[in-house]
Amino acid sequence: LFDAVLSRMIDGKLLSAAAEKVKLQDDPEVKRKVAAARDRVLQDSYLTREVEKALTEDKLKAAYDKEIKANPPAEEVKARHILVDTEAEAKAVIAELAKGGDFAALAKRSKDTSGANNGGDLGYFGKDQMVPEFSAAAFALKKGETSKAPVKSQFGWHIIRVEDRRMSAASSFEEKKDELRSAMGQELVGLMLADLRKGAKIEQLDAEGKPKPAEPKK
């Protein structure tokens with residue numbers, strides 16, 4: 001990898017030298033592109049440094065603590081389900097389960113193909129992650145229980161089995177740090193740009209080169 005990168009760098013230097021030899025640096029179009037590239041580097045460097053300076057570890061930790069406080073651990077259930085079209089079909093499945101039928105095997109007839117291919121397994125979920133009817137039924141069941149009556153939702157008729165219950169675990173600061181930095185960085189950039197606009201005299205032209213109305217001061 002090192003040799004390939006080194007070879008590419010050498011090629012780049014040779015091309016730059018060849019371009020300068022024929023005075024391409026004096027070409028108006030090249031000058032325009034160089035100026036545009038310079039502007040982009042300055043913009044990116046300024047924003048990056050200002051954001052890094054503002055988003056200290058203490059500020060990120062304070063934002064993390066605030067988010068954790070606003071979103072305390074909530075109960076989750078781990079469930080399987082079988083989804084069919086009619087109440088009669090759902091009752092027939094419940095009857096088979098009552099006779100000792102295997103839930104995962106019966107899930108192969110489920111309309112929910114992802115569930116059918118995985119024994120109906122839905123994994124862990126919170127109350128707000130499913131439609132209300134489904135969540136209400138699932139969270140009313142104890143660990144190891146199966147719904148004794150079909151559960152109707154907009155998708156059809158469900159048979160639900162709860163396999164586990166737990167409290168959700170909060171993400172650690174290290175796990176959330178990059179996400180927080182990204183969200184706070186975007187907000188900070190917006191504030192910076194708003195402040196820069198307030199302190200600048202901006203004259204805009206439309207597509208025909210005519211002056212556009214001045215932006216109202218905020």
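## Lys23 and the loop after α1

With a relative accessibility of 53%, Lys23 counts as exposed, because the cut-off for that class is over 50%. In this predicted model, Lys23 sits in the loop that joins α1, residues 2-21, to α2, residues 28-54. The backbone at Lys23 has a positive phi of about 65°, although Lys23 is not a glycine. Most residues other than glycine have a negative phi.

## Ile10 in helix α1

Helix α1 also contains Ile10, whose relative accessibility of 44% makes Ile10 count as partly exposed. Ile10 and Ser168 are 158 residues apart along the chain, and their C-alpha atoms are separated by 54 Å. Ser168 appears again below, as one of the residues that line the second largest pocket.

## Overall architecture

The protein has eight helices and four strands, and from the N terminus on these elements follow the order α-α-α-β-α-α-α-β-α-β-β-α. The radius of gyration of the protein is 30 Å, well over the 17 Å that the globule rule gives for 218 residues, and the protein is therefore more spread out than a compact globule. Along the principal axes, the C-alpha trace spans about 90 × 50 × 45 Å.

## Contacts, burial and surface

Of the contacts in the protein with a separation of 6 or more, 65% are accounted for by residues that lie 24 or more positions apart. Buried residues make up 25% of the 218 residues, where buried means a relative accessible area under 20%. The accessible surface of the protein comes to about 15900 Å², and 56% of this surface belongs to carbon and sulfur atoms.

## The second largest pocket

Rolling a probe the size of a water molecule over the atoms shows where empty space is left. The second largest pocket has a volume of about 190 Å³. Its lining includes Glu67, Ile68, Asn71, Pro72, Pro73 and Ala74, and also among the lining residues are Ser168, Ala169, Ala170, Ser171 and Lys176.

Sorted by class, the lining of this pocket has six nonpolar, three polar and two charged residues. Glu67 and Lys176 belong to the lining, and both residue types count as charged; Ile68 and Pro72 are also found in the lining, and their residue types count as nonpolar.

Technical notes
Residues numbered from 1 in each chain as written. Predicted model: local features only at pLDDT ≥ 70, side-chain atom pairs only at ≥ 80, totals over all residues. Heavy atoms only, no water. 1 Å grid on protein atoms, 1.4 Å probe; cavity = no way out; pocket = protein on both sides within 12 Å on 5 of 7 lines; lining within 4 Å. Points joined across faces, edges and corners; volume = space filled by probe spheres on them. Helix = DSSP H or I, 4+ residues; strand = E, 2+ residues; numbered from the N terminus. Rg over C-alpha atoms; globule rule 2.2 N^0.38 Å. Buried < 20%, exposed > 50% of the residue type's maximum accessible area, 1.4 Å probe, protein only. Contact = heavy atoms within 4.5 Å. Areas by Shrake-Rupley, 256 points an atom, 1.4 Å probe, with all protein chains shown as cover.
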